[in-house]
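Me: Could you take a close look at one part of this model for me? I would like to hear about the aromatic rings and what surrounds them, with a strand for contrast.

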Amino acid sequence: MARTLGGRDTAPPAAPPTAPERKDDMNRATMPIHMSDTARASAVPTEPAREDPHTGRRFRIADRLAIALPLLVVAVMGWHRRWITDDGLIYVRAAREIAAGNGPVYSPGERVETSTGTLWQWLLALPALLTPGDPARTAVYAGLVLSIAGVWLALAGTRRFLRAETGRYLVPAGALVFVALPPVWDFATSGLETGLATAWIGLSWRLLVTCGPNAATTGRVLGIAVVFGLGPLIRPELAATSLVFLVAMAMATRLPRRATLAVCVCAGLLPGLYQVFRMGYYGLPYPMPAVTKSATRQLWGRGFDYLVDFADPYRLWIPAVLVLLLVAALLVRRGPRERRTWFLGAAPVVAAAVQGLYVLRVGGDFMHGRMWLPVLMLALLPILLVPVDRRVGVLVVLVPVWATWCGFALRSGLVTTDGPRAGVYQTWNERMVYVNWTRTPNPTTSHAHSATLPGLRAELFRMDADGRRMLVPDGNYLADAAALPPLPLRADLPAREGVVMGRLGVGGVVTPLRGIVVDVWGLGNTVGAHIEQTEHVAAGHEKLLPLAWNIALYVDPAAWARIPAHVVPIEDIRAARAALDCGDLKELLRSSTEPMSPGRFLRNLTGSFDRATLTIPPDPKAAERKFCAR
């Protein structure tokens, strides 16, 4: 007898029926209930098929086509629109630093976690350790493979979920809603963690629908729990989806209390260990971009703008209505007695609702549609495939009509403004931005992005070769910086050269690994991440660090007098330097720059939450008054 996690014994399976009996039973199961016994006995299936032992469904050619069509759309359109964004290049720089033995940092001498997707960063580092090629290509093509695999796993999971529908053809209604959207094609690559998130959601759904009391062996349930627990390592907010799936698994397998505790331990082990490392190593409880974007703020209004920006261009209200009608028809047909179907189908929908509320609360993102893709996929999982009958026939026809219209004709604009505030940019079609910037239809390499700044890249590498320790302000992003020549770096910094950049990703490409990338938006700058809001533009672009702070942080004090007063007053530089040496701000800086030791790790760990809420006035004089008056 097999031993289950709950301590129950399950009897060995009965002997399988003989081939003629199995074939006869299959034939009768697929025939209409109103047929007479004589008609049933004489009926012969019109289509050769074999039965899937896991789902009870026959492998029809139509079923295969229903799965193949969405996969083909993702593969073809994802390849056609392959690219990498500047934020994808942030992962590339971090992976290169790990492969070079410098640890999970972005610049020498600063422990800053620039990668929101922890697992994606480390996955990219593995091939970078083995091959000398461009990690940007790895990020692009691995993302596409994972996106395709995720959609396939999700479709396989839905087919398993519909195992009771043995006699009906399946149509990829929900899958067509998902794959017809241009943002799905764009973020199938992009170099971001979206492909990994798609694969994890698909795999988790496939595993969830296999859960049941008779299949809940110890190793299987604990292994599934480990997979579910990876959510927060892919994206921090996916912790909510992990929790929902874990609860659904516990209900499906009817776990006792002790077994539930073991499942929680297995699910939380890897995220928990990394969280301790993150707090001790970086001194913060979450990645630096979350601090920069003030992820604890409530920005419901901007979140709804972000939803409208995603839904309006593609007329998403049309498939939304069709999907709701499909769900209603399917629920009426199934009835209230199928308890397992109800709570398994509800799990991804509940997860989607929680994720959607999070996106609305934090105000969305600056990339068009990006944060809504996991939400939409979760919501559609139970109906990626729909069994066809007369009740849903018309609806199933209308979904492909909308999908064709959307895929061929509907597109978003380049930039969306923030409601009535004309001229204030909130959401960008990121792929279009970088296709225009790089002047190539498929910017998939680091070189495609660095070629937009050829003079800067050449200058930085000449400095590295010559041993000149200079900081180069990029005038493309700071008007004041355009009037500044390269300035000498402070003698105590480990960096060989540095650049002040507004695009952190391309800055990481043009700057040698021994050089420091000074981020003006705070995604990779400890002080910049903590300053109070200075701008009202896109999410993650609301904290423009004044140049005085970067000069105080990185430039040799002997060179301060050479800086024109109309560019940066020396009084502001001195005030910034004084504030950096005072109180909580001094400890904040030490948490990321002081050499790592057991004592520093412990101080970082215990003070991480207080550090995350620290705010710095952007005006250096105000900051000096705040931190040095104590």
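Reply: Happy to; here is a walk through the rings, followed by one strand and its partners. The model is predicted, so a word on its limits: local features need pLDDT of at least 70, side-chain atom pairs count only at pLDDT 80 or more, and totals for chains, interfaces and linings use all residues. Residues are numbered from 1 along each chain as its sequence is written, and side-chain values use heavy atoms, with hydrogens and water left out.

The structure holds eleven aromatic pairs. Rings of Phe, Tyr and Trp (its six-membered ring) pair if their centres lie within 6.5 Å; planes under 30 degrees apart count as stacked, over 60 as edge-to-face and the rest as tilted. F161 and W205 are a tilted pair, because their ring centres are 5.5 Å apart and their planes stand at 55°. This pair links distant parts of the chain, with F161 in helix α6 (residues 135-161) and W205 in helix α9 (residues 194-208), 44 residues apart. Helices here are DSSP runs of H or I with at least four residues, strands are runs of E with at least two, and both are numbered from the N terminus. F161 and W205 are both buried, that is, under 20% relative accessible area, where exposed means over 50% and partly exposed lies in between (1.4 Å probe, protein chains only).

F310 and Y314 make an edge-to-face pair, 6.3 Å centre to centre with 65° between the planes. F310 is buried at a relative accessible area of 3%, and Y314 is buried too, at 1%.

Ring pairs also join Y274, F277, Y281 and Y282 into a cluster. Y281 has a charged neighbour as well: R111 lies over its face, 5.8 Å from the ring centre. Elsewhere, the charged end of R93 sits over the ring of Y106, 5.6 Å from its centre. For such a contact, NZ of Lys or CZ of Arg must be within 6 Å of the ring centre and within 35 degrees of the ring normal.

Now for the strand. In a regular strand the side chains alternate between the two faces of the sheet. In strand β9 (residues 498-501), G498 and V500 point one way and V499 and M501 the other, and all are buried. Strand β7 (residues 470-473) runs parallel to β9 and is joined to it by three bridges; two strands pair if DSSP finds at least two bridges between them. G498 is the bridge partner of L471. Four bridges join β9 to strand β10 (residues 516-519), also in parallel, and V500 has V518 as its bridge partner there.
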